Amino acid sequence: MRSRIILISIFFLAMGATFLFRKPHSPETGGVWSLTDHLSKLEYLTDSLNSILADTIEVRTAFVEEGGTLGALLYSTGIEGNRYLNCCDILIDSLGWSSVHVGDTLDAFYARDTLTEVRARPRNGRGYYCIEFDGTADPVDWYWVPEEQFRRLRAVTLVVSSSVWESIASGGVPPDLSPSGHIVTARDSIREVAYIKGFENELANRLFVYDIDFYYDVQPGDSVWVLLEETRYPGSSETTFRRIVAAKYDFTLGGMTEAIPFFHQPDSLAPDGSAIILDHYHRDGASLRTMFLKMPVPFGRISSPYSDSRMHPVLGYTRVHRGIDYAAPMGTEIYAVGDGVITVRGFTGGYGNMVRLRHANAYETGYGHMNSYARHQEIGSYVRQGDVIGYVGSTGLSTGPHVHFEMKRNGSYVNPASEILPPANPLLANDLDFFMLQLPVLESTWSIMAGMDIPVSQPQGTESSNTPTE
Ligand SMILES: [Zn+2]
């Protein structure tokens, strides 16, 4: 099938990304070419350009300080009158810069004392808002200019000493995480923690959550082999963690758990044009994950179990509760328990702010009393298992922060706790063939990147048991 060939090509492209990207431009070839002539010409041009610019262009820069406002920011660069009003309108209404924070900057460009361009740069934004003027007070164009970025692949090998977090902190963070190559500023520290948190979360809470108990199974001396994707921002010389492509956890006491990647189309619920998704499998093509997560919050405590209209055995009266309440601190992340499409996202009365998802196999889930929703999602968005969809709150009829979690199958309420949670679909037929075909390619590329042969698990037959334990 042609689409499979495209998918496998994408995979190889991703594999080669590190080598392909950032190749320096090759110099012009052919003819007589003198480097010194070229450089002196460039220097001359740069000098004359700078002198022209210095004469005519003035840049006034302002920073947001404690208690600063957008108005103060504009005033301090000399933007007044109708230009001021137009900038406020565009920045707030059209470009969505609704609140300024300490460290945000604004550059106002003047040519012979006339405002020509405004650049507003949110401190943690990856780019800036740009407003162009043509000499009058009416702006001619405005837009967001994203910072240049590219993705790269990196092989990381960790040896566990005390915890996975500690191992990532000491051996998994890239040397070019921050501009200086060291953790110096508060921003560097935030980046470092975010990198480690993203890495650990993906490894322990997503990939290996069903196979490894990171409290009891982990031993000093275990090794973790990871092939991961990072986003590199050459403009600000920073690197962020993106996702894990492949991983192996090699237990020092014997045994290994592997997460082998496969890129494929999302399920049929996903809207047209949804990106190709990355899923992980065992060596034999069995899925690494179950269809649903056990609960929608990381460390929830059941504060009210599921109960249909039968008499409550303890309370002695009838109390219908077609869902499970998980108490969790205000603001705790709420996860989508399975891949699906957002069908409801809004205030619903008793359940307060609620999100509902439609899943494959006629399942639906609902999450109530949210404090707020995850950004960049809307009705119709396709979310993956484990994606954050909102934050724990106490909106609607609620006495304290908790998430009301409910599940339906074929339109009827079911008890999420007693639903059999089958493994997600394994790879079959053509998919399995391609998976097997690309496995040796992946492992040899990975070995080259890691600088040594990566370990390969031995088939044991008794290794994976698909029987749910509760
Ligand atoms: Zn409830």
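Q: What makes Glu 230 and Phe 241 partners across S7 and S8?
A: In this predicted model, Phe 241 in S8 is the bridge partner of Glu 230, and the two strands run antiparallel, joined over eleven bridges. Two strands pair if at least two bridges are found between them, and S7 and S8, with eleven, therefore count as paired.

Q: How do you know that S8 and S9 are paired, and which residues stand as partners there?
A: Strand S8 (residues 238-250) and strand S9 (residues 256-264) share four bridges in the antiparallel sense, and since at least two are required, they therefore pair. Among the partners, Asp 250 is matched with Met 256 in S9, and Lys 248 with Glu 258 in S9.

Q: Which residues take a positive phi in the hairpins of S7 with S8 and of S8 with S9?
A: In the hairpin of S7 and S8, with four residues between the strands, Ser 237 has a positive phi near 55°. In the hairpin of S8 and S9, where five residues lie between the strands, Gly 254 has a positive phi near 110°.

Q: What joins S9 to S10?
A: These two strands run antiparallel and are joined by five bridges; with at least two needed for pairing, S9 and S10 therefore qualify as a pair. Phe 262 stands opposite Asp 279 in S10.

Q: Why are S6 and S10 called the edge strands of the sheet?
A: The open sheet has five strands in the order S6-S7-S8-S9-S10, with antiparallel pairing. Strand S6 (150-159) and strand S10 (277-281) are its edges, as each of them pairs on one side only. Neighbouring strands of this sheet are turned against each other by 35° on average, with direction ignored.

Q: Which helix packs on this sheet, and what angle does the helix direction make with that of S6?
A: Helix H7 (residues 429-450) packs on the sheet and touches S6, strand S7 (223-233), S8, S9 and S10. Its direction makes about 75° with that of S6, and because 65 to 115 degrees counts as roughly perpendicular, H7 is therefore roughly perpendicular to S6.

Q: Why is S8 said to be largely enclosed by the rest of the structure?
A: A residue is buried if 20 or more other C-beta atoms lie within 10 Å of its own, and ten of the 13 residues of S8 are buried, so that strand is largely enclosed by the rest of the structure. In the protein as a whole, 28% of the 470 residues count as buried.

Q: Why are H5 and H6 called oblique to each other?
A: Helix H5 (residues 164-171) and helix H6 (residues 186-207) pack at an angle of about 135°, their axes 10 Å apart. Angles over 145 degrees count as roughly antiparallel and those from 65 to 115 as roughly perpendicular; an angle of about 135° belongs to neither class, and H5 and H6 are therefore oblique. Their crossing is right-handed.

Q: How do the residues of the contact of H5 with H6 divide into nonpolar, polar and charged?
A: Val 164, Trp 165, Ile 168 and Ala 169 of H5 meet Ile 196, Phe 199, Glu 200, Leu 203 and Ala 204 of H6. The residues of this contact divide into eight nonpolar, no polar and one charged; Glu counts as charged, and the charged residue is therefore Glu 200.

Methods
Residues numbered from 1 in each chain as written. Predicted model: local features only at pLDDT ≥ 70, side-chain atom pairs only at ≥ 80, totals over all residues. Axes fitted to C-alpha atoms, helices over the stretch in contact; angles between N-to-C directions. Contact = placed C-beta atoms within 7 Å. Buried ≥ 20, exposed ≤ 12 C-beta atoms within 10 Å, placed from the backbone. Parallel < 35°, antiparallel > 145°, perpendicular 65-115°, else oblique. Left-handed = near helix turned anticlockwise from the far one by under 90°.
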